[in-house]
Each structure stands twice: as C-alpha cells, then as structure tokens.
Amino acid sequence: MSGIPRRAWRLPLVAASSVALLGGAVAVASPATVKDLTATGGAARNTSDRTTEVRRAVEGGKARNVILLIGDGMGDSEITIARNYAYGAAGRLPGIDALPLTGQYTTYSLYPDGTANAGKPDYDPDSAATGTAWSTGTKSYDGAISVDIHGDPKTTLLELARANGLRTGNVSTAELQDATPAVQASHVSTRRCYGPDDTGSSVCPADAVTNGGLGSISEQIVRTRADVTLGGGAASFNDVIWEGASTGKTVLQSAREVGYQVVTTEAQLKAVKAADQKKPLLGLFHDTNMAVRWNPTPAVVDGTRQPAVTCTVNQAWRDGSAPTLSEMTSKAIDLLKARNRGSKGFFLQVEGASIDKQDHAANACGQIGETIDLDEAVKVALDFARKDGNTSVFVTADHAHTSQIIEVGSSTPGLSLTLQTADGVPMAVQYGTSP
C-alpha cells in the first residue's frame, strides 16, 4: 500500500470484513441523488467507470499522515445491516460509503509451535491474530499479541512510525489492553496478559521480565510511549508492579513518573493543549470497556416473527463523563497534526471495538450503534484529510462476524431479531449463535 497520497480508499476484507483508502477526489453519489428505487437504474451507486481516477489517486505520491480505522468484527454484513437500519438500503454511511476504492484480503490465522498443525492455517481467527497480521505483517496464532508462531516479538506499525520520527496515536473504545490497541503497543504470548497481576499469576508468567518477557500489556503501553493513547482499561493500570525499577508502584503511577499527562473525563481531554514525547497523553475513560451508543435489544428464538423494534440511545454513552469515539478521534488528530513545516507527520490507529462485542452478544442495536459510532469517526478523519491534503485514510475490519440478514417471518434454529429500518420496513437479523 505504498505511494498512497491524498485520496481515501475503501477496502472491505475477505470473509465479509471491510476497509478504506481516503476519500474526497473521486465523486460518490449522495443519498439525496437516489429518489426512486423502482426506476431503471434508480438503485445504481456508481454512474461511470472510475478506473482512471482511482489509478491517479493511487499513483499520485506518498502521504505524510496515515489514519487507520478498525471496526472490530465489522464485516460486509455488519456494514449492510447498519446502513439499512440508519440510512436505508439506498442510503449512504457518511464516512465509510464516501470511500471510493474497495478491496479484500484474507484474515485466517496460523496454528502455533508445539501443536500438530503448527504453521498451518486456522480458518477462524481472533482479533489478536488478525491484529498482529496487519500491525506487523506477520500471520500468527489466536491470542498472539505482535509475536509470531514461535513467540518472537515482531515490530509494529506504531513502533516503526516512532522510530522514523513520526508522531503516533492509539485510540479505542475498548480496554487499551484489548487485542486491537494492544497489537500496536506490546508483545505478549497471550491476549489476556493485561497487567502485572497477570504476569505474576498463571495467566502469562513467561511474559514477566524476570522470565525473559517484556512485561504485561499495560506496562508495555507506557514504555512504547505513543504521543496520544485514549480508551478504557483503567483497572489494569491500577495493578501494582512487582518487578523492575518501578516495583511497588501502580502502572499508572509509573506512567505519571515518566511524564505522562493522565485524563479521565471528556472535560479534561478537551482541556489538553499539547501532547508529545516530553508529555504524552494517556486518557483512561472507563475501568473496562467504554459504554456503547445504543441500548441492548437481545436477539431471541423466532425473533423474526416478533414485532419490529427501534433502537434507543444509551444514556451512559452520552452522559458527558466520557468522550465519544469521534471526539477522541478529533482530539487525537488535533494533537498529532503538524504545527510546523518540518514535521514528518503522524500515524494514528482508531478502533470501534464493540461492534464485535455486541455481535457476540447477539445484540443488533448494540452492534449497529457501534458501527454508526465508527462511521462518525471515519467522517472526522476524512474531513481532516480533505482539508489537510496530505493524509491517507484506511478503514477496515480485523475479521467478520455472525450476523446476517434473513427473511422476515422465517423460522430459524438460532437467535434473531426484527428491526424497523429507515426505509420504514422490517429487517430480520439472525446470529450464527445457539440459544
């Protein structure tokens, strides 16, 4: 993907996962241009061959800034469900659907050393293995955080960016120790190695420094020292370090001692004026995962035959105590963007984490709200890129998930739910999950 300048692409992934390369130069029809779906050509999205425009965008040069947005578990099916519900079948997601180029890539993981199938494909990957793949360029085993199948650390995109003088950011609505943010900032044998309590227990003793490891994910996040790190996971930062120079202090205390600014509310985040290697920013807005946008609507047996429901806002998401994903994205960009001509630019990763988590819970409104949440962050990134003129934006998923659209009123063996969409008609969603 080298040589991508001022254009944004959209690249969905194989197995129904989705992505993007920056937006503005190639025209995309707006929702307002689609008026009559019954007319010949009324549902068309592309009105001409744009091969030349896309080629010009790709070959135009190299961008100074890169923004990578990840929708965890956001496959093509999850994107379609969110679009249908919020904007209608012929509508447009303002962020993701503004991206003109789409592609695909594989997401399988590998079996680790010590197993019968070592080095062979595991067709059902998790977020740790898939995150390790895009972060390091190395496929690995389920649960691996930026280590290969032999357990050896591999350099991450964020680490490469820092080593080359770029400013860096890592933003998520999950615990910062969760797989997607963790793969940019740490190297551990198992994704559950959140804090010192874990390296000192049976969870990941091999990752303890005294055993030749690099320490827990929380400790490594502090050492990796991105200029801006925002998300949840405060609980593990309160673990007490039991080895090394900071023994007896919490991870959070050690972060403050090495210069970190620490914020815990939306108001405190807004007040931050600068973040750099002298005073990096650590925002911790929840003990675990941050609140989701919409209230739960759990799927049930024969939910396709139940009355259609509409989604409602979760007040814990918008109570003003914590920033939204789009607000965190906007603030991170503002803190990372060039303030002088000599800047080498920045690399920023942003994750909408709970699309996956709500899909696991067979919670249609939960996953749709989180997809809309990510889409708003994508629009923030695209708006900046168009204005900046020297930024590439990529949007992707780490893997797909189990939700799919099925016939309303049909009988299914699994869990399902009927939603009333923006088109004014019902849409049935089923999960590949047993009751």
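Against which elements do the buried residues of H7 pack? In this predicted model, they pack against H4, H5, helix H6 (196-199), E7, helix H8 (234-237) and helix H9 (251-257). The buried set of H7 consists of Ile-217, Ser-218, Glu-219, Gln-220, Ile-221, Val-222 and Thr-224. Seven of the eight residues of this helix are thus buried, so H7 is largely enclosed by the rest of the structure.

The protein as a whole contains 13 helices and 15 strands. Of its 435 residues, 55% are buried. The accessible surface comes to about 17800 Å². Carbon and sulfur atoms account for 52% of that surface. Contacts were also considered by sequence separation. Among those between residues at least 6 apart in sequence, 70% join residues at least 24 apart.

The end of H7 leads to a residue with a positive phi. Just after the helix, Arg-225 takes a phi of about 60°. The value is positive, and the residue is not a glycine. Arg-225 is placed in the loop between helix H7 (217-224) and strand E7 (228-232). Its relative accessibility is 16%, below the 20% cut-off, so Arg-225 counts as buried.

Helix H3 is another enclosed element. Nine of its ten residues are buried, so H3 is largely enclosed by the rest of the structure. The buried residues are Ser-127, Ala-128, Ala-129, Thr-130, Gly-131, Thr-132, Trp-134, Ser-135 and Thr-136. Their packing partners include both strands and helices. The strands are E3 (65-71), E4 (109-110) and E11 (346-352). The helices are H4 (157-163), H5 (179-185) and H12. Gly-137 follows H3 and has a positive phi, near 80°.

Thr-132 lies within helix H3 (residues 127-136). The relative accessible area of Thr-132 is 0%, so this residue is buried. Its side chain reaches the backbone nitrogen of Ser-146 at 2.8 Å. Ser-146 also appears among the contacts of Thr-132 beyond four places in sequence. The others are Gly-137, Thr-138, Ser-140, Ala-144, Ile-145, Val-147 and Val-183.

The loop between H12 and H13 was examined next. Ala-362 is found in the loop between helix H12 (354-360) and H13. Ala-362 has a positive phi of about 55°, although it is not a glycine. With a relative accessibility of 2%, Ala-362 counts as buried.

Asn-363 is found in the loop between H12 and H13. At 4% relative accessibility, Asn-363 counts as buried. Its side chain makes a polar contact of 2.7 Å with the side chain of Gln-358. A polar atom of the Asn-363 side chain also lies 3.1 Å from the backbone nitrogen of Gly-366. Leaving aside neighbours within four places in sequence, Asn-363 is in contact with Asn-295, Pro-296, Thr-297, Pro-298, Gln-358 and Tyr-431.

H13 in turn packs against H2. The axes of helix H2 (residues 76-87) and helix H13 (residues 364-388) are 9 Å apart, at an angle of about 90°. The two helices are therefore roughly perpendicular to each other. H2 contributes Glu-78, Ile-81, Ala-82, Tyr-85, Ala-86 and Tyr-87 to the contact. H13 contributes Gln-367, Ile-368, Thr-371 and Ile-372. Seven of the residues of this contact are nonpolar, two are polar and one is charged.

The loop between H8 and H9 holds Thr-247. At 43% relative accessibility, Thr-247 counts as partly exposed. Its side chain reaches the backbone nitrogen of Glu-243 at 3.5 Å. A polar atom of the Thr-247 side chain lies 2.7 Å from the backbone oxygen of Gly-244. Beyond neighbours within four places in sequence, Thr-247 is in contact with Ile-241 and Trp-242.

Methods: Residues are numbered from 1 along each chain as its sequence is written. Side-chain values use heavy atoms; hydrogens and water are left out. Axes are lines fitted to C-alpha atoms, for helices over the stretch in contact, and angles run from 0 to 180 degrees between N-to-C directions. Helices (H or I, at least four residues) and strands (E, at least two) are DSSP runs, numbered from the N terminus. Angles under 35 degrees count as roughly parallel, over 145 as roughly antiparallel, 65 to 115 as roughly perpendicular and the rest as oblique. Contact means heavy atoms within 4.5 Å. Ala, Val, Leu, Ile, Met, Phe, Trp, Tyr, Cys and Pro count as nonpolar, Asp, Glu, Lys and Arg as charged, and the others, Gly among them, as polar. Buried means under 20% relative accessible area, exposed over 50%, partly exposed in between (1.4 Å probe, protein chains only). A polar contact is a pair of N or O atoms within 3.5 Å; within protein, one must be able to donate a hydrogen and the other to accept it, and residues adjacent in sequence count only if both atoms are side-chain atoms. Accessible areas come from the Shrake-Rupley method with a 1.4 Å probe; for residues, only the protein chains shown count as cover.
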